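The following exercises are meant to be worked through with the sequence and the coordinates open side by side. Each task is followed by a solution that goes step by step.

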Amino acid sequence: MVQAKKIALYLIVVFVLYTIITAPARSADLVQVGFEGVASAAQSVGDFMSELVK
């Protein structure tokens, strides 16, 4: 099982590197979308907690 996890991780790393090398602009767009999603989720949690305190 551990060997399978190592192989899967290796394949994921290779795929990510391949994607970054072949399409850096698209990769940057995907990372930006990801960070915007995380920021939006954090903002929503903050708003929710602020409303609970009021």
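**Exercise 1. Identify the partner of E51 in a salt bridge and classify both residues by exposure.**

Solution. In this predicted model, E51 forms a salt bridge with K54, and the closest N and O atoms of the pair are 3.7 Å apart. The criterion asks for a side-chain nitrogen of Lys or Arg within 4 Å of a carboxyl oxygen of Asp or Glu, and the separation of 3.7 Å between E51 and K54 is therefore accepted. Side chains of opposite charge can pair when their charged atoms come close. As for accessibility, both E51 and K54 are exposed. By this rule the count for the model comes to one salt bridge.

**Exercise 2. Check whether the span of helix 1 agrees or disagrees with its number of residues.**

Solution. Helix 1 covers residues 2-22, and at 1.5 Å a residue its 21 residues should span 30 Å. The C-alpha atoms at its ends are 30 Å apart, so the two values agree. Turning to cover, the count of buried residues among the 21 residues of helix 1 is zero, and the helix is thus described as hardly covered.

**Exercise 3. Assign V13, I20 and K5 to exposure classes, and state which residues make the nonpolar surface patch.**

Solution. The class limits needed here are under 20% relative accessible area for buried and over 50% for exposed, with partly exposed in between. V13, in helix 1, has a relative accessible area of 41% and is therefore partly exposed. I20, also found in helix 1, is partly exposed because its relative accessible area is 42%. K5 lies in helix 1 and counts as exposed, since its relative accessibility is 60%. The nonpolar surface patch, of about 800 Å², is made by L9, I12, V13, F15, V16, L17, I20 and I21.

**Exercise 4. Describe the surroundings of S27: is it buried or exposed, and which residues does it contact beyond its sequence neighbours?**

Solution. S27 is placed in helix 2, residues 24-53, and with a relative accessible area of 10% it is buried. A polar atom of the S27 side chain lies 3.0 Å from the backbone oxygen of A23. Once neighbours within four places in sequence are left aside, S27 is in contact with T19 and I20.

**Exercise 5. Find how far apart in space I20 and M49 are, and likewise K5 and L52.**

Solution. I20 and M49 are 29 residues apart in sequence, and their C-alpha atoms are 37 Å apart. For K5 and L52, which are 47 residues apart along the chain, the C-alpha separation is 41 Å.

Terms used. Residues numbered from 1 in each chain as written. Predicted model: local features only at pLDDT ≥ 70, side-chain atom pairs only at ≥ 80, totals over all residues. Heavy atoms only, no water. Patch = residues over 30% accessible without salt bridge, like charges linked within 9 Å, V, L, I, M, F, W, Y side chains within 5 Å. Areas by Shrake-Rupley, 256 points an atom, 1.4 Å probe, with all protein chains shown as cover. Helix = DSSP H or I, 4+ residues; strand = E, 2+ residues; numbered from the N terminus. Buried < 20%, exposed > 50% of the residue type's maximum accessible area, 1.4 Å probe, protein only. Expected span 1.5 Å × (residues − 1). Polar contact = N/O pair within 3.5 Å; in protein donor to acceptor, adjacent residues only side chain to side chain. Contact = heavy atoms within 4.5 Å.
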